[in-house]
Each structure stands twice: as C-alpha cells, then as structure tokens.
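These are my notebook entries on a single protein chain. I looked up confidence, burial, one helix and a few individual residues.

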Amino acid sequence: MNQENLNNNYSGPERRRYPRLKAALIEYSLLGDVSSKELSFTKNVSIGGVCILLPEEIPTNTLLSLNIYLPNCDKPIILKGKVVWIERSDYYTPGRTYYNVGIEFIDIDEKTQSLINSYISNPLE
C-alpha cells in the first residue's frame, strides 16, 4: 500500500497534516462584507488553517476574511479562508449552542506560513 492510500484510509483520532497550537484572537467576516465583522477565539491554529468557536452555524464552503492576532505579532495576520467543516461544540453556556468551525487558509504565502509556524514552535517568545 502506498503512502497516499495509508493517509486516506487512516481512521484514528489524529488526521492533521500540521501541528496546532491554541490561543489566538480572531476577527472574521464574510469575504467582501466588513460590516459583518465578528470577534472570537481560536481553538487551534496551524499553517494550514484554524478552528474557531462560534455561536452560529456557518455553511461549509463559505469564504471569510480573517484577522488573526497572535501574541508574538505587532499586527494581525490577514488571510482569506474557506469553511471546510462544522460541528456542534461541547462548550456550554446556558441557552446557547456553540459550533467548532474548521477554516482552511486560502492563498497563504510562505512569509505568513513562517510567521504562524514560528508562533506554533515558540508560543512564549
């Protein structure tokens, strides 16, 4: 069996391609609609995407503008992303439902990947 088949058939709990780290602030809005800007926290961040906790469902394939505020950066990282999955979260607030939303970065350049990778590798610097 080749490596590609191994990756596609893996059914264990960890199918991630990139390491992740928790704790970043994120602003998100529908791509092209800054009036819809909202604030949330990431559940985890990687060079390939981000998972955020939201009090609303966002359909898969929705395109978003993202501003990610990492502790080691003076300015936000500005990216575009696409919602690739959504699931109900076990996070609980009385009378409110939350969702874990997986967002894949679109057209991320090497400099931005390097900045995120630096944060993941050395979160306290």
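Entry 1, burial of a loop serine. I took buried to mean under 20% relative accessible area, exposed to mean over 50%, and partly exposed to mean in between. Ser-89 has a relative accessibility of 11%, so I recorded this residue as buried. I located Ser-89 in the loop between β5 and β6. Leaving aside residues up to four places away in sequence, I found that Ser-89 touches Lys-43, Leu-53, Tyr-98, Tyr-99 and Asn-100.

Entry 2, confidence. I note that the model is predicted. I read a mean pLDDT of 81 for the protein, with 78% of its residues at 70 or more. Over residues 1–14 the pLDDT is below 50, and I found five contacts in the model for this stretch beyond near neighbours in sequence.

Entry 3, the aromatic pair. I searched the whole structure and found one aromatic pair. The ring centres of Tyr-91 and Tyr-98 lie 5.0 Å apart and the ring planes stand at 90°, so I entered the pair as edge-to-face. I then checked the accessibility of each partner. Tyr-91, at 44% relative accessibility, counts as partly exposed, whereas Tyr-98, at 13%, counts as buried. Tyr-98 is also one of the residues that Ser-89 touches.

Entry 4, helix α2. I asked what span the twelve residues of α2 should have at 1.5 Å a residue. The expected value for residues 110–121 is 16 Å, and the end C-alpha atoms are 16 Å apart, which agrees. I listed Thr-112, Ile-116, Tyr-119 and Ile-120 as buried in α2. These four cover an arc of only 100° around the axis, which means that they lie on the same side of α2. Glu-110 and Lys-111, on the other side of α2, are exposed. I also looked up what covers the buried residues of α2, and the cover includes β2 (38–45), β5 (77–88) and β6 (99–106).

Entry 5, the start of α2. Which residue caps the N-terminal end of α2? I found Asp-109 there, with a side-chain oxygen 3.1 Å from the backbone nitrogen of Lys-111.

Entry 6, the loop before α2. I placed Asp-107 in the loop between β6 and α2. Is Asp-107 buried or exposed? Its relative accessible area is 66%, so I recorded Asp-107 as exposed. Asp-107 and Leu-79 are 28 residues apart along the chain, and I noted a separation of 8.1 Å between their C-alpha atoms.

Methods. Residues are numbered from 1 along each chain as its sequence is written. This is a predicted model: local features need pLDDT of at least 70, side-chain atom pairs count only at pLDDT 80 or more; totals for chains, interfaces and linings use all residues. Side-chain values use heavy atoms; hydrogens and water are left out. pLDDT is the predictor's confidence in each residue, from 0 to 100. Contact means heavy atoms within 4.5 Å. Helices (H or I, at least four residues) and strands (E, at least two) are DSSP runs, numbered from the N terminus. The expected span of a helix is 1.5 Å times one less than its number of residues. Buried means under 20% relative accessible area, exposed over 50%, partly exposed in between (1.4 Å probe, protein chains only). The arc is that of the directions from the helix axis to the C-beta atoms. A polar contact is a pair of N or O atoms within 3.5 Å; within protein, one must be able to donate a hydrogen and the other to accept it, and residues adjacent in sequence count only if both atoms are side-chain atoms. Rings of Phe, Tyr and Trp (its six-membered ring) pair if their centres lie within 6.5 Å; planes under 30 degrees apart count as stacked, over 60 as edge-to-face and the rest as tilted.
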